[in-house]
Amino acid sequence: MKLISSENNPSLVNIAALILRVFAGASMLSHGYPKLEKLMSNGDIQFMDFLGLGPIITLVLVVFAEVICSVLLILGLLTRVASVILIVTMLVAIFVAHGADPYAVKEMAVLYFVMYLVILLIGPGKFSIDELFTKKEIRY
C-alpha cells in the first residue's frame, strides 16, 4: 500500500466496504433498538407523523429501516436496497425531523446519510452475502 498514490487496491476497497457496512449498520442499530423497544411497549406511542399515517405506522417504518435494513447492511444482503431505504430515512431525519434545528443537531443524520450514499455507490464488496448470489462462474 502506497500512502501517496491514486491507485486503488481492489482487496483494500473490499475490506473498506466491509468495515463501512458493518460500522454504519451496527451504529444505526443503537438508534433503532430503542425505537423497537418503544414499539413493543404497551404504552402510549408518541412519534412524529410526517406522512399522515399515524405515529404507530411511522414508527414501524422507522424501525424497519433502522433495525431490519441495518442488519441487512451488516450481512451484505440486499445492500443497495437497504442503503436506499436508510438514505430516505436519513433525508427525512435531516429535512423533516430536524429541519428547523441547527446543523450541530442534524449532523449525525448527515453523517449517516453520507455513509449510506457511499455504500450505495460502491456496493457491498466481495465480503458480503450479495457477492455469493451475484458471483458468476467463469468459463474458459
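How many nonpolar, polar and charged residues are in the lining of the largest pocket? I'll get to that below, after a note on what I'm looking at.

**Entry 1: the overall build**

I'm working from a predicted model, so everything here is computed. I counted 5 helices and 0 strands in the chain. Reading along the sequence, I get the pattern α-α-α-α-α. The C-alpha trace spans about 60 × 35 × 20 Å along its principal axes. Of the chain's 140 residues, 33% count as buried. I also looked at contacts with a separation of 6 or more, and 63% of them are between residues 24 or more positions apart.

**Entry 2: the largest pocket**

Back to my opening question. By class, I find 18 nonpolar, 4 polar and 3 charged residues in the lining of the largest pocket. That lining has 25 residues, and V62, E66, T89, M90 and A93 lie nearest the centre. Two or more lining residues come from each of α1 (10–40), α2 (55–75), α3 (79–97) and α4 (103–122). Which helix gives the most? I have α3 down for that, with 7 residues. The space in this pocket comes to about 440 Å³.

**Entry 3: E66 and its partner**

E66 is one of the residues nearest the pocket centre, so I followed up on its charge, given that side chains of opposite charge can pair when their charged atoms come close. E66 forms a salt bridge with K35, and the closest N and O atoms are 2.9 Å apart. E66 lies in helix α2 and K35 in helix α1, so the pair ties together parts that are 31 residues apart in sequence. Is E66 buried or exposed? I put E66 down as buried, because its relative accessibility is 5%. The salt bridge count comes to 1.

**Entry 4: D130, a charge without a bridge**

Next I checked D130, which lies in helix α5 (residues 129–134). D130 is buried yet has no salt bridge. How far away is the nearest side chain of opposite charge? That side chain is R21, and I get 6.9 Å, whereas a salt bridge needs the nitrogen and oxygen within 4 Å. Leaving aside neighbours within four places in sequence, D130 is in contact with G76, L77, L78, T79 and P124.

**Entry 5: L78 and K126**

L78 turned up among the contacts of D130, so I looked at L78 as well. L78 lies in the loop between α2 and α3. The odd bit is the backbone: L78 has a positive phi of about 50° although it is not a glycine. I call L78 partly exposed because its relative accessibility is 49%.

K126 sits in another loop, the one between α4 and α5. K126 counts as partly exposed too, at 47% relative accessibility. What does K126 touch, not counting residues up to four places away in sequence? I have N14 and E131. I also took the C-alpha to C-alpha distance from K126 to G76: 9.3 Å in space, for two residues 50 apart in sequence.

**Entry 6: S83**

Last lookup: S83, found in helix α3. I get a relative accessible area of 0%, so S83 is buried. Which residues is S83 in contact with, leaving aside neighbours within four places in sequence? My list reads L73, Y116, I119 and L120.

Terms used:
Residues are numbered from 1 along each chain as its sequence is written. This is a predicted model: local features need pLDDT of at least 70, side-chain atom pairs count only at pLDDT 80 or more; totals for chains, interfaces and linings use all residues. Side-chain values use heavy atoms; hydrogens and water are left out. On a 1 Å grid over the protein atoms alone, a cavity is a set of points where a 1.4 Å probe fits but cannot get out, and a pocket is an open set with protein on both sides within 12 Å along at least five of seven lines; lining residues have an atom within 4 Å of a point. Grid points are joined across faces, edges and corners, and a volume is the space filled by probe spheres set on the points. Helices (H or I, at least four residues) and strands (E, at least two) are DSSP runs, numbered from the N terminus. Ala, Val, Leu, Ile, Met, Phe, Trp, Tyr, Cys and Pro count as nonpolar, Asp, Glu, Lys and Arg as charged, and the others, Gly among them, as polar. Buried means under 20% relative accessible area, exposed over 50%, partly exposed in between (1.4 Å probe, protein chains only). Lys and Arg count as positive and Asp and Glu as negative; His and the chain ends are not counted. Contact means heavy atoms within 4.5 Å.
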